Amino acid sequence: MTAEIKDKTIEVPPQLTVRDLATALDVSPINIIKQLMNDGIMASINQTIDFDTAAIVGEEMGFEVVPFKEPEAEETVAAKTEEMVSLRQSFIADEDPANLVLRPPVVTVLGHVDHGKTTLLDTIRHASVVKGEAGGITQHIGAYQVQVDDRLITFLDTPGHAAFTAMRARGAMLTDIVVLLVAADDGVMPQTKEAIGHARAAGVPIIVAINKIDKANANIEKVKQDLANQNLVPEDWGGDTVCVPISALNNEGIDELLDNVLLAADVAELKANPNRPAQGSVVEAKMDDKRGSTATLLVQNGALKQGDLLVVDTFYGRVRAMFDGQGQRLKKAGPSMAVSVLGLPDVPAAGDMFEVVKNKKTAEALVSQRKAAFEATRQTARRPVSLEDFLSLLEGEAVKELNLIIKVDVDGSLEPIINSLKNLGDDQHKVKIILQNTGNISESDITLALASNAIVVGFNVQVDGPASRIAETEKIEVRLYKVIYKLIEDIELALKGLYEPVYEDRVIGHATVRAIFKAGKKVVAGSYITAGKVTRDARIRVVRNRRLIHTGKIGSLRRFTEDVAEVATGYECGIGIENFNNLAEGDILEAFVVERIN
């Protein structure tokens, strides 16, 4: 469908999503996606594009697109607005390549709770932490840097993969490499599988550290088999997953692990511009009784200096002081450095993005602009994909993979389901399994689905209470099945663009018509509720002599002279039916609602 040509000028910010551009142009997002494809750009509805791309698309669709100007501050055009974007390289997308230099990798360690993460991080920290001046007081800031020969690695000491993914759900992409920790005496556990899913959803390289090789019952080959079953095939088995045997307790294999981290960083060619105002993300933050708001910030581009004016989310403040993980006071922090900062007026959330601006006037204008943008988009926030959404995106040819999180009752159910799903689709549209695991659907599963735009599919399992509440709040689609072929059939139909939801009528109440009243040109049935209830938003069937004579909507529902939302068993009421007056005493009225069953 070709958009109607309009003579219209619109203002857009330096970066915006495809959905926001469609709203600004008052056209379907599918039309925007198709136009981008014609220009050789594959973009989803929630992907961020820059101003130049938006201007080209707008011109091709009959619009003049101009930069957004804040009326009270011309500087806001020069001070680039950084939107909440999830692409790891977004900070350097518009940098001159000549200004970019290699930066240290940012690493997160994920794994099962008892597999030695704390011991590993402590061993690395004590052996290789960058030394500062004497007199520093060690403090926990959620991140630290270690030195390997003449190079640096930044480790994020997050509480676990739940926090890791919660930050991703807010739009932050902090991690370059994930070290997956697996105990040699235990193997791949349910939380290990969850960690693999979170790392895959983030789209970052995975290096496996097989820990506790010093234990008598260590079985490295079993661990490798477990990993291969999760599609992480070790290099010595012909795959491409780096597996490093270590003993965090005895400091064995740690150097080899760090060398492999640096090798993965070399392959990724991680770069930043150290000579510009800082941009980055919040790792963690809290309110300190003595020092006020303290925030750990990860500098992802540019350099952060004491005295800089920071805009974080929808507030701003000045950096009064900043410290590294050893408690050493710093004047400047470059790319991939994490520092504890004092001076913010409020406590930001983990995952919030920050940027340095040149003066208070610019900061106030940027905060005002963000508040307005957030309010404008609050009602049209990103809704996670459903199978119907996937069909609509197929029509726009914008989707190539359907992300799924699979939870089943037992391991025996997992293999046939996974094998069948992997065979679905074609070269253009495939199933991507973010996580496959046994057990009920948990809060962590829903958080991962939110971050990775996935559908949660359960076979012979239930949804935990907290998970159900979050799924309902965040509109995450959870689909439960008892029959394997039905599960496979629904996903296959979605990939083929044939999926249609199935709905079912659920009867909620019955009433008997005892009298007929005229209300102008309409007829009202004086009725007695014999079972269940009748609600104002329900549909109604009229049954006479055991024969259905009409199905329609309730036009009015009254108790005496008052309109009511529902009437329960044992009460009388007046029921009017839209566009139907052929009612008679003795008719049976059956109230029902239409519910989706898959």
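Visitor: Which residue of β9 stands opposite Thr 108?

Guide: In this predicted model, local features need pLDDT of at least 70, side-chain atom pairs count only at pLDDT 80 or more, and totals for chains, interfaces and linings use all residues. Residues are numbered from 1 along each chain as its sequence is written, while side-chain values use heavy atoms, with hydrogens and water left out. Helices (H or I, at least four residues) and strands (E, at least two) are DSSP runs numbered from the N terminus, and two strands pair if DSSP finds at least two bridges between them. β6 and β9 run parallel and are joined by 5 bridges; Val 107 has Ile 177 of β9 as its bridge partner, and the residue opposite Thr 108 is Val 178.

Visitor: Over how many bridges do β6 and β8 pair?

Guide: Strand β8 covers residues 151-156, and in this strand Thr 154 stands opposite Val 106. The two strands pair in the parallel sense, and the number of bridges is 3.

Visitor: What is the order of the strands in the open sheet?

Guide: The edge strands are β7 and β11, each of which pairs on one side only. Between neighbouring strands the average turn is 30°, direction ignored, where axes are lines fitted to C-alpha atoms (for helices over the stretch in contact) and angles run from 0 to 180 degrees between N-to-C directions. The sheet has 6 strands with mixed pairing, in the order β7-β8-β6-β9-β10-β11.

Visitor: How many residues of β6 are buried?

Guide: Buried means under 20% relative accessible area, exposed over 50%, and partly exposed in between (1.4 Å probe, protein chains only). Val 106, Thr 108 and Leu 110 point one way from β6, Val 107, Val 109 and Gly 111 point the other way, and all are buried. Helix α7 (residues 190-202) lies across β6, β9 and β10, running at about 170° to β9. For β6 the count of buried residues is thus 6 of 6.

Visitor: Which helix supplies the largest share of the largest nonpolar core?

Guide: A nonpolar core is a set of buried Ala, Val, Leu, Ile, Met, Phe, Trp, Tyr and Cys residues joined through side-chain atoms within 4.5 Å, and the largest has 27 residues, of which Leu 120, Ile 124, Ile 153, Phe 155, Ile 246 and Leu 257 touch the most other members. Elements that each supply at least two residues include β6, α5 (117-128), β8 and α9 (254-268). The largest share, 7 residues, comes from α9.

Visitor: Which residue of α5 does Ile 246 touch?

Guide: Contact means heavy atoms within 4.5 Å, and residues up to four places away in sequence are not counted for Ile 246. Among the residues that Ile 246 touches are Leu 181, Ala 209, Ile 210 and Leu 257. As α5 spans 117-128, the residue asked for is Leu 120.

Visitor: How far apart in sequence are Asp 176 and Arg 103, the partners in a salt bridge?

Guide: A salt bridge is a side-chain nitrogen of Lys or Arg within 4 Å of a carboxyl oxygen of Asp or Glu, and by this rule the count comes to 18. Asp 176 and Arg 103 meet at 2.8 Å, N to O, and both are buried. Asp 176 is in the loop between α6 (161-169) and β9 (177-183), and Arg 103 in the loop between β5 (101-102) and β6 (106-111), a separation of 73 residues.

Visitor: Is Asp 236, the partner of Lys 224, buried or exposed?

Guide: The closest N and O atoms of the Lys 224 and Asp 236 pair are 2.5 Å apart. Lys 224 lies in helix α8 (residues 220-229) and Asp 236 in the loop between α8 and β11 (242-245), so the salt bridge ties together parts 12 residues apart in sequence. Lys 224 counts as buried because its relative accessibility is 8%. Asp 236 has 52% relative accessibility and therefore counts as exposed.

Visitor: What relative accessibility does Arg 541, the partner of Asp 505, have?

Guide: In this salt bridge the closest N and O atoms are 2.7 Å apart. Asp 505 lies in strand β27 (residues 503-519) and Arg 541 in strand β29 (residues 539-544), so the pair ties together parts 36 residues apart in sequence. Asp 505 is partly exposed, with a relative accessible area of 40%. Arg 541 counts as buried because its relative accessibility is 16%.
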